[in-house]
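Student: Could you give me a close look at the open space in this model and at the surroundings of the ligand? I would like the cut-offs along the way, please.

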Amino acid sequence: MCGIVGYVGEETGAKDIILGGLKSLEYRGYDSAGIAMICDKKIVTKKKVGVISNLEKIIGDPEFDSNIGIGHTRWATHGVPSDLNAHPHCNMDNTVAVVHNGIIENYMEIKEELLRDHDITFKSETDSEVIAHLIGVYYDECGDLHDAVTKATKRMRGTYAIVVMSSKEPDKIIGVRKDAPLVAGIGKGCNFLASDIPAFLKYSGQVYFIENNEIVVVTKDEIKIYDEDKKEIHRDVFHVTWDVDAAEKAGYEHFMLKEIHEQPIGIEETLTRRLTDSGEINLDGISMTKEDIEKFDKIYIVACGTAYHAGLVGKYAIEKMAKITVETDVASEFRYRDPLIDEKTLFIAISQSGETQDTLQALRLAKSKGARVLSVVNVIGSSVARESDDVFYTWAGPEIAVASTKAYTTQLVCMYLIALYMARTKGTIDNAYYDRMITELKNIPEKLEMIFSQEKDIEKIAEEFHRNNEIFFIGRGVDSTVSLEGSLKLKEISYINSFAIAAGELKHGTIALVENGTLFFALATQDSLTEKMGSNIEEIKARGAYVISIAKEGNELISNLSDRCIFIPKCADEVSPLLTVVPLQIFAYYVAKFRGCNIDKPKNLAKSVTVE
Ligand code: M6R
């Protein structure tokens, strides 16, 4: 949420570079955008509610450009989306401009003090504006931007990444972060600060990750990182290996469709990184020992949204294979329920972005109580990755669409590998089972291509049903967890009211909603549960439901009972979620397309939820 771009270089051109950067951060979700530059020794700020093209319309003047500037895409928390509430915010005499991502929890207290002692007039309803005034007040006292920012951040509570510039020191931008992402990019004759690497990847693939409470001072010639006591910190440069193209659409109409089709390669890459030629799982870079694994008596898997759904499959796999009790919880609940954690607890955080605030805070809670923390993360160097004892990376590549697809399937692959590794270590599975599962996983990419060959048929089903107001998803066993994901995918991008429930639970209440024409997706891929699912399909059909089922090739019982059946290739029950979810992703995509929705950036949603 909220995107920050700061640039300082030798020549003018900051406007286009910052605008381009903001566009690369659109995936984070936003409702307004703004830019401030130092032009003729004065800060000039332009901001506009709505999409970035609204801002572009008001900054066309070629005179409005500079060699230094800061830009922002805002996702409203305090105050409605409006021109005034958009960032950057400036102090009273317009000598300090600030962009902020996060929430300043004690902003009311600071605001009251600024009103009382400094007679400040506020222009916006935001928490962020207090930062500009506070830095302005401190600058007047000490005459040094670095010191003023340090002093101000010591007063601020909450989460923030901020970038500041002042017309009194027009050669630099200064950034500081606490629990919100901030990275610095090393360019040629220029340097950058941003919320994420794509904002400057066109110009620089050399990055410094800024840590909590560090202050980064950026001029055109150098980037210096300091601690809170102004002591310089040495940081290794991170070299980005993926390129700009990887973050673009490669001919697909939407990022979501591109990312759906990238699942075979993402899965293959995630497997390749962890499997030796002989099919053994290597834990390179992970310090967890056999003794550690034998010690764990409980595992928590904690995550949000789609990552939580991956965690539900993880529970199923670990309990079945490694015979350890697993609880999967949504991070926002886990944090506030006094979970029982000690040194024998393994805490697994799953997060695509690695910046999800609830997941991060749950991780910190678990760590503070002695749990061992293993994370499954896509974004290298993200906060969750850095704060974990060990990281099991998903190799999905950048995921831009708000609706998560390839992150989910690569997270599943990691969960299976973790489960198999633990099971092998504990001796709860034999070699034949292990080898069979590894082969099943390796065959998934090819089987996904077989599902893609049915894309046109799924598109037709989507066209037929895209006007439905309500769709139910049911399943049993691990299918019930995939039904949650299918339902989330549909609701978040098509805005159809969809609902997922374990098929066996239907008759305990929800079946009351079934009437003539009620549309159901029945996930029936588990061989051992086919007959039970058959009965559930009969129950709803008897009440008039229209049933589209998903079953393994050749499952005539299910296809005969259903109105329609989408087949997935035969596979072991355990790994079926890797296949079953894909027709549901494709269905959601085309339904949203037929409904004319903004597929990659659905309303009200952000790619990276960095506030509670
Ligand atoms: O970056 P994370 O994996 O931590 O994000 C978690 C959720 O916010 C995310 O999965 C969300 O539910 C997606 N929009 C689902 O498509």
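**The largest pocket and the ligand shell**

Tutor: Happily! The largest pocket has a volume of about 780 Å³. A pocket here is an open set of points on a 1 Å grid over the protein atoms alone, where a 1.4 Å probe fits and protein lies on both sides within 12 Å along at least five of seven lines; points are joined across faces, edges and corners, and the volume is the space filled by probe spheres set on them. This is a predicted model, in which local features need pLDDT of at least 70 and side-chain atom pairs pLDDT 80 or more, while totals for chains, interfaces and linings use all residues. Residues are numbered from 1 along each chain as its sequence is written, and side-chain values use heavy atoms, without hydrogens or water.

Around the largest pocket, 41 residues form the lining (each has an atom within 4 Å of a point). Nearest its centre are Trp242, Asn378, Val379, Gly397 and Pro398. By class, the lining holds 18 nonpolar, eleven polar and twelve charged residues (Ala, Val, Leu, Ile, Met, Phe, Trp, Tyr, Cys and Pro are nonpolar; Asp, Glu, Lys and Arg charged; the others, Gly among them, polar). Helix α7 (residues 263–274) is the top contributor, with four residues (helices are DSSP runs of H or I, at least four residues, numbered from the N terminus).

The chain is assigned domain 1 (3–246), domain 2 (250–450) and domain 3 (455–594), with bounds from an automatic or database assignment. The largest pocket lies between domain 1 and domain 2, because both give residues to its lining. The C-alpha centres of domain 1 and domain 3 are 46 Å apart.

Now to the ligand, which has 14 residues around it (a heavy atom within 4 Å). Ser351, Gln352, Ser353, Thr356 and Glu492 come nearest. Polar contacts (N or O atoms within 3.5 Å) link ligand oxygen atoms to side chains: 2.6 Å for serine 353, 2.4 Å for threonine 356 and 2.5 Å for glutamate 492. The protein buries 90% of the 410 Å² that the ligand exposes when taken alone (Shrake-Rupley areas, 1.4 Å probe).

Helices α9 (305–322) and α16 (478–494) each supply at least two residues of this shell, and α9 gives the most, with three. In the shell, five residues are nonpolar, seven polar and two charged.

Terms used
Polar contact = N/O pair within 3.5 Å; in protein donor to acceptor, adjacent residues only side chain to side chain.
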